[in-house]
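Please open the model in your viewer, with side chains available for display, and follow the stops below in order.

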Amino acid sequence: MVKLKQAVVVEGRYDKNALSQIVDAPIFCTNGFGIMNDPALVALLREAAKKRGLIILTDSDAAGFVIRNYLKGCLPNEMLLHAYVPDVYGKEKRKRAPGKEGKLGVEGMPPAVLLQALKDAGAEMDGETADASSEAITKQDLYTLGFTGGANSSQKRAALLKALQLPAHMSTNALLQALNLRFARAEFLARFENTEEES
């Protein structure tokens with residue numbers, strides 16, 4: 001597992017899964033072209049770029065470049081790095097047929113190829129991650145505060161996402177990444193420990 005200083009943005013969850021097996025870094029998904037209609041996700045990526053830098057790692061097909069160019073247009077370019085996977089023809093194991101252009105995406109690349117793409121982009125590897133000295137917010141914290149596992153958890157989590165202007169459909173893991181980007185654990189616990197009484 002290689003630790004990255006920067007966060008990474010990929011197109012989809014299968015790309016994220018492939019990358020999360022080899023790098024220790026926040027990894028965000030554009031949900032394909034969904035990013036183009038999701039200002040809250042764009043705002044989160046902008047925040048990640050400003051705080052720790054952001055590596056764009058999209059597929060090498062035309063759709064991947066449309067997404068990459070969209071991100072280039074709405075994120076601070078001085079904080080972006082661009083990682084490119086090579087044109088390799090074939091199909092991912094989970095798919096019945098190759099993609100439209102017949103190229104493998106990020107999810108289909110061997111780990112060594114992904115690491116090389118990140119290195120070539122100028123990723124800072126094995127460095128300290130932002131706020132590495134502070135404790136991270138955990139799933140247990142979300143449970144303790146009532147954002148997961150309780151009768152009203154989905155409503156509380158929705159209210160939290162709205163209050164923080166985060167995308168409404170974030171998974172728990174994505175929410176944790178966003179919270180750890182924004183808050184030290186002690187700050188988060190202090191700010192939200194009384195939400196049970198307020199609801």
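The tour starts at a central strand, moves to the nonpolar cores, and ends with the aromatic rings; bear in mind throughout that this is a predicted model.

Begin by selecting β5, residues 54–58, a strand that is mostly covered, with five of its five residues buried. If you show its side chains, L54, I56 and T58 point one way while I55 and L57 point the other way. In a regular strand, side chains alternate between the two faces of the sheet.

Next, add the strands paired with β5. On one side of the pairing list is β2, which runs parallel to β5 and is joined to it by three bridges, with A7 as the bridge partner of L54. Then select β6, residues 80–84, which also runs parallel to β5 and is connected to it by five bridges; here L54 stands opposite L80. Displaying α3 together with β5 and β6 reveals a right-handed β-α-β unit.

Now select L45 and F188, the two residues that touch the most other members of the largest nonpolar core, which has 35 residues. At least two residues of this core come from each of β2, α2, β5, α3, α6, α7 and α8. Apart from this core lies another one, of 22 residues, including V2, V8, L19 and I55. In soluble globular proteins, nonpolar side chains tend to be buried together.

Stay with F188 and show its surroundings: leaving aside neighbours within four places in sequence, F188 is in contact with I137, L142, L145, F147, L179 and F183.

Turn then to the rings, of which the structure holds six aromatic pairs. Select F65 and Y84, whose ring centres are 6.0 Å apart and whose planes meet at 20 degrees, so the pair counts as stacked. Because F65 belongs to helix α3 and Y84 to strand β6, this pair ties together parts that are 19 residues apart in sequence. F65 is partly exposed, at 33% relative accessibility, and Y84 is likewise partly exposed, at 43%.

Compare F147 and F188, a tilted pair with 6.5 Å centre to centre and 40 degrees between the planes. F147 sits in the loop between α5 and α6 and F188 in helix α8, 41 residues apart. F147 is buried, at 2% relative accessibility, and F188 is buried at 0%. Adding F183 and F192 completes a cluster of four residues linked by ring pairs with F147 and F188.

Finish with two charged side chains: K156 lies over the face of F147, 5.2 Å from the ring centre, and R94 lies over the face of Y14, at 3.6 Å.

Notes
Residues are numbered from 1 along each chain as its sequence is written. This is a predicted model: local features need pLDDT of at least 70, side-chain atom pairs count only at pLDDT 80 or more; totals for chains, interfaces and linings use all residues. Side-chain values use heavy atoms; hydrogens and water are left out. A nonpolar core is a set of buried Ala, Val, Leu, Ile, Met, Phe, Trp, Tyr and Cys residues joined through side-chain atoms within 4.5 Å. Buried means under 20% relative accessible area, exposed over 50%, partly exposed in between (1.4 Å probe, protein chains only). Helices (H or I, at least four residues) and strands (E, at least two) are DSSP runs, numbered from the N terminus. Contact means heavy atoms within 4.5 Å. Two strands pair if DSSP finds at least two bridges between them. A crossover is right-handed if, with the strands pointing away from the viewer, the path from the first strand over the helix to the second runs clockwise. Rings of Phe, Tyr and Trp (its six-membered ring) pair if their centres lie within 6.5 Å; planes under 30 degrees apart count as stacked, over 60 as edge-to-face and the rest as tilted. A charge sits over a ring if NZ of Lys or CZ of Arg is within 6 Å of the ring centre and within 35 degrees of the ring normal.
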